[in-house]
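The exercises below ask you to read strands, a helix and ring contacts from a set of coordinates, and each is followed by a worked solution. Please have a viewer at hand and try each task before reading on.

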Amino acid sequence: MTTFDQPSKIKNLFICCLCPPRVLRLWTCRRPRTKRNLLVGTACVIYLGFLVSQVGHVLPQHKGGHQKISSRSLQDAAQTPFLGIPLDGTLSPPDFQEPQHGSNGTLLPPNVVYITLRSKRSKPANIRGTVKPKRRKKHTNPLSYGQHFPKAAFIGQEEAFAQQPGRATHAAGAMGAAIALEARKHQLDEHRHKGMATRERGHRRPGGISGAIKAQPQPEESNIRIYSESSPSWLSKEDILNMRMLADSRIENIQEVPSHKAVLVVFAKGPSTTGTACKQGHCGIIKRPLDMSEVFAFHLDRILGLNRSLPSVSRRSEFFQDGQACPVILWDSSLSPTDNSTHSSVSLTWGRYQQLLKQKCWQNGKVPKAEWGCTEIHHYEWSKMALFDFLLQIYNRLDRNCCGFKPLKEDSCMQQGLKLKCNDQDAVDLTHIVQRRHDRRHLAFIDNKGFFDRNEDNLDFKILQGINEFPESAVSVLRSQHLREKLLQSLFLDKIYWESQGGRKGIEKLIDVIERRSKILLTYINAHGAKVLPMNE
């Protein structure tokens with residue numbers, strides 16, 4: 001250690017060398033306090049100036065004769081970029097070149113500063129109503145496989161189901177290539193053999209019945225997503241159960257519907273046979289992807305408070321349409337038998353239908369007279385059906401010949417040549433007028449394929465002809481300006497439908513069409529002086 005490294009020795013040397021003997025005697029002798037303070041202050045000022053002058057010339061020496069660090073090296077160190085500093089709390093130094101050595105073989109201090117940043121764990125935002133529940137595996141008891149659906153269970157229904165094992169189905173229809181029914185059953189057989197091999201390896205399902213076949217893998221979570229504590233108020237508990245069954249239950253058997261471009265499927269639901277499955281409500285009809293608007297129609301029906309359509313969901317299956325999303329409608333065994341020409345449980349023409357609207361059959365509990373020619377259907381049912389069909393522009397019930405608008409080439413009336421038969425409209429039959437066996441006063445809306453591509457200047461106002469009353473529950477929803485909000489909330493439940501329509505952006509476009517038509521309908525009601533009545537009889 002040198003002399004300059006000890007500040008106390010520097011101070012003593014400075015005082016001894018610079019101060020003359022007279023000053024030293026003044027320092028040590030007794031003097032008045034004021035003169036002594038002046039001398040101490042003068043010495044401090046001189047000492048401070050000496051220290052300031054030494055800062056710019058004297059640098060600290062290192063042990064062992066290390067070289068001095070120049071200001072140029074400090075600038076290089078400050079300009080060295082930080083390469084690849086991770087934010088996860090761990091830092092591995094980057095690959096630099098070999099350390100440099102000085103002239104005497106000693107290591108130079110590195111000119112890189114390592115900084116370790118500790119990442120802050122971000123807490124996810126808890127959005128109310130969007131927290132998914134815990135996934136729970138559903139354990140069901142599958143039914144025995146291979147039983148064909150009996151024809152006797154559907155005697156008198158709208159469709160007669162094919163029972164020949166080798167008969168091919170034409171479910172694809174105008175959609176594209178026809179898929180043979182036996183090909184689907186063959187796929188089911190392959191899954192059956194795979195299931196048998198799995199059971200032989202000891203992977204038995206708890207609670208399963210002997211010989212049970214798992215045709216399709218169970219989904220990890222339901223395609224009907226309800227993240228809140230309760231479902232929307234317009235959907236009943238039975239609706240939710242039916243929607244989950246149609247969307248998630250595995251397919252047990254497949255049957256053909258010759259009169260429709262659809263396929264009947266039997267779902268495995270509880271310990272029952274396939275002969276009684278449809279009577280218990282465990283069957284559904286899978287239609288073409290072009291009929292996807294029936295899912296939208298079901299939710300609109302519930303929101304308007306009509307409650308006349310059958311539950312419908314979207315579903316993908318490897319057995320139909322190459323995995324495309326298809327509508328699945330609940331098969332309701334309580335529907336009355338229908339004929340094959342009009343698919344109706346009651347025979348009506350347009351002329352007779354207009355006469356029934358004038359008679360107001362069964363309104364206010366009045367029994368109609370025999371000469372009025374009334375049916376068992378209540379007068380309010382026609383008002384509900386007309387409002388529902390106008391919003392969706394469903395023409396096949398009341399205007400099957402497309403006499404009230406200009407149809408496109410793709411419409412069924414143009415393909416069948418019915419557009420040319422509008423001269424005698426009173427003789428045109430109504431189609432898809434269906435009742436229930438136990439409730440013949442009310443209608444059940446089937447075949448609810450709507451059309452969203454029809455312009456406002458080409459709407460079918462013939463659907464509203466003769467209607468002078470409209471249901472208050474439906475009109476109040478249209479006037480409340482909450483239709484969009486409710487449709488978004490309701491359609492979001494169906495995950496497959498939501499995704500198949502392009503998410504919220506695609507759903508919004510469909511709702512735009514319905515909102516424009518609802519405004520036109522409200523204007524029509526005001527212009528014609530139609531009454532808005534409670535129809536909860």
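**Exercise 1. Which residues of strand β3 are buried on one side, and which on the other?**

Solution. In strand β3 (residues 283–286), Cys283 and Ile285 are buried on one side while Gly284 and Ile286 are buried on the other, and both faces are thus covered. Here buried means under 20% relative accessible area, exposed means over 50%, and partly exposed lies in between, with a 1.4 Å probe and protein chains only. Strands (E, at least two residues) and helices (H or I, at least four) are DSSP runs numbered from the N terminus. The model is a predicted one, in which local features need pLDDT of at least 70 and side-chain atom pairs count only at pLDDT 80 or more, whereas totals for chains, interfaces and linings use all residues. Residues are numbered from 1 along each chain as its sequence is written, and side-chain values use heavy atoms, with hydrogens and water left out.

**Exercise 2. Trace the strand pairing outward from β3, and state the sense and the number of bridges for each pair.**

Solution. Two strands pair if DSSP finds at least two bridges between them.
- Step one: strand β2 (residues 262–267) pairs with β3 in the antiparallel sense over 4 bridges, and Val266 has Cys283 as its bridge partner in β3.
- Step two: β3 also pairs with strand β5 (residues 325–330), again antiparallel, over 3 bridges, with Leu330 in β5 as the bridge partner of Gly284.
- Step three: β2 is paired in turn with β1, antiparallel over 6 bridges, and Val257 stands opposite Ala262 in β2.
- Step four: strand β1 (residues 251–257) is mostly covered, since 7 of its 7 residues are buried.

To finish, consider Ala262 of strand β2, which counts as buried at 2% relative accessibility. Its C-alpha lies 6.8 Å from that of Arg288, although the two residues are 26 apart in sequence.

**Exercise 3. List the buried residues of helix α12, and find what covers them.**

Solution. In helix α12 (residues 472–479) the buried residues are Ala474, Val475, Val477 and Leu478. They cover an arc of only 155° around the axis, so they fall on the same side of α12; the arc is that of the directions from the helix axis to the C-beta atoms. An α-helix has 3.6 residues a turn, so residues three or four places apart point the same way. The cover, judged by contact (heavy atoms within 4.5 Å), includes α8 (293–303), α10, β8, α13 (483–491), α15 and β9 (531–533). Just after α12, Gln481 takes a positive phi of about 60°.

**Exercise 4. Classify the ring pairs Phe388 with Phe445 and Phe461 with Tyr524, and locate each partner.**

Solution. The structure holds 10 aromatic pairs, where rings of Phe, Tyr and Trp (its six-membered ring) pair if their centres lie within 6.5 Å, and planes under 30 degrees apart count as stacked, over 60 as edge-to-face and the rest as tilted.

The rings of Phe388 and Phe445 are stacked because their centres are 5.3 Å apart and their planes stand at 20°. Phe388 belongs to helix α10 (residues 379–392) and Phe445 to the loop between β7 (443–444) and β8 (469–471), so this pair ties together parts 57 residues apart in sequence. Phe388 is buried at 0% relative accessibility, and Phe445 is buried at 1%.

Phe461 and Tyr524 form a tilted pair, with 6.0 Å centre to centre and 35° between the planes. Phe461 lies in the loop between β7 and β8, and Tyr524 in helix α15 (residues 503–528), so the pair ties together parts that are 63 residues apart in sequence. Phe461 is partly exposed at 34% relative accessibility, whereas Tyr524 is buried at 15%.

**Exercise 5. Which residue lies over the face of Trp362, and where is Trp362 found?**

Solution. Arg441 lies over the face of Trp362, at 3.6 Å from the ring centre; a charge sits over a ring if NZ of Lys or CZ of Arg is within 6 Å of the ring centre and within 35 degrees of the ring normal. Trp362 lies in the loop between α9 (350–359) and α10, and counts as buried at 19% relative accessibility. Trp362 has a positive phi of about 65° although it is not a glycine.
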